[in-house]
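Work through the exercises below with the structure open beside you. Try each task before you read its solution.

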Amino acid sequence: MNMKLRTKPRPLQKLDAAIPRLSPHFQQLPAMKEDAAIQQKGFSGELKVDYYLDYLATNYTILQDVYLRVNGKNVQIDSLVLSQQAIYIVDSKNYNDTITFDTTLKQMTRSDGKVEKGFEYPITQVQNQQFHLQNWLSQHNFPSIPIYYFVAISEPSTIIKVNGDTEAVGKIVAHAARIPSMIMEKEQQLTGQSAYKIQDRKIGKIILNVCNVFDMDINKKFSIKKMDLSPGVICPECGLLGMERVYGGWKCRKCKMFSKNAHLNAISDYLLLVKPYITNRECMRFLKLSSRNAATRILSKSGLIYVEKGRYWVKH
C-alpha cells in the first residue's frame, strides 16, 4: 500500500506563490525562477518514478518523500519500499542527454554533446541514505534489517554510460521502468534466507508518525520583505494579479473569467509567505476587500479554524 504520497515540496510551493507577486524588477527574481525550475524538474522526475513504483503497492508498503531526523541531521529519501524481507531505498534522478558514471573517481557527468558538467555521485548519495536509515532503525530498536538501494533515472531517453565497473553500476542504476522488476528480483534472491519476517506495515507507520516536512525560508534566502509581495487575487486562467470582487465571486479584468473560489489560492499564498495564520484585517488587505464582514465570510468558508484567543485563522 502507498502509506505516504508525495506532494509538491513546500519550498517549491513558496516559490510558485511568491514569483507572481514580485515586481519584474525585483533583484532576486531571476535566481528564484531558476531555483523554481530546478525544483520543478526534480519533482516531475520523482512523480515519474512514483508511477512505476505504484506497481508494487499491492504487495509492498511504500512511503514517498521521507524526511527523518537522524543524529541531529536531516535525511531526505525520495522513496522507501518495504517488504517482509528487506527495505529498498529508491533515489530519483531527472537528467537529460547522456550521463556517465565513473566508478573509479566516484563522480557523474552529464553531457549534451557540447558542454560536460559534473554532479555529486548518485551512488554515494544513496549509500549515505542507507547508512542514516540503518542508524535510525537501530535507534528505534529494530533488529538488523537488510537495506538495498537503487538510483532511478526518470527520463527513458537519458543515455546511461559507465567508465569502469559497468556490472556494479547496472545493479543499482536503471531507468525508472526497470526499478520494480529489480526489487522483485532481489526479493526472489532473499526468499528463504531468513526465518524472520519484517513487520513492514508497523515500520512504515512509525516512520510516517515521525516524518517531517522539508521546508526552507525563501524570504530569508532571497531577501524578500513583506512589502515586496503584491496583494490581490490571481486569475487562475490568465495569471493576472488583481481580480475584482463581484457578487458571488471574482472576475478577471483581462480575460473576463469568473471564479467563485479564486481567493483560496491567495489565502494559501499568505499562509505560505507571510504568516502561518491570518486575521480578518490582513485578509482585507491581502485580498483587497473593502468590507470586514466579507473577509469574515470568506475566511469562515475557507476550511480554516478560528482561534478565539488570538482572533486569527489557521489551517487544520
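**Exercise 1.** Which residue stands opposite methionine 108 in β7?

Solution. Phenylalanine 119 in β7 stands opposite methionine 108. The model is predicted: local features need pLDDT of at least 70, side-chain atom pairs count only at pLDDT 80 or more, and totals for chains, interfaces and linings use all residues. Residues are numbered from 1 along each chain as its sequence is written, and side-chain values use heavy atoms, with hydrogens and water left out.

**Exercise 2.** Place strand β7 in its sheet.

Solution. Start with the terms. Strands (E, at least two residues) and helices (H or I, at least four) are DSSP runs, numbered from the N terminus. Two strands pair if DSSP finds at least two bridges between them. Now take the pair: β6 (residues 107-111) and β7 run antiparallel, with 4 bridges. Next, the whole sheet: it is open, has 4 strands in the order β7-β6-β5-β9, and its pairing is mixed. β7 (116-119) and β9 (159-163) are the edges; each has a single partner strand, so one side of each lacks a neighbour in the sheet.

**Exercise 3.** Which residues of helix α6 are buried, and which are exposed on the other side?

Solution. Buried means under 20% relative accessible area, exposed over 50%, and partly exposed in between (1.4 Å probe, protein chains only). In α6 (residues 200-210), the buried residues are Asp200, Ile203, Gly204 and Ile207. Seen down the axis of α6, these fall within an arc of 100°, the arc being that of the directions from the helix axis to the C-beta atoms. They therefore line one face of the helix. An α-helix has 3.6 residues a turn, so residues three or four places apart point the same way. On the other side of α6, Lys205 and Asn209 are exposed.

**Exercise 4.** Aspartate 65 has a positive phi, and so has arginine 311. Where is each found?

Solution. Take aspartate 65 first. Its phi is about 55°, although it is not a glycine. Aspartate 65 is found in strand β2 (residues 61-70). With a relative accessible area of 17%, aspartate 65 is buried. Now arginine 311. Its phi is near 55°, again positive in a residue other than glycine. Arginine 311 is found in the loop between β15 (305-307) and β16 (312-314). At 62% relative accessibility, arginine 311 is exposed.
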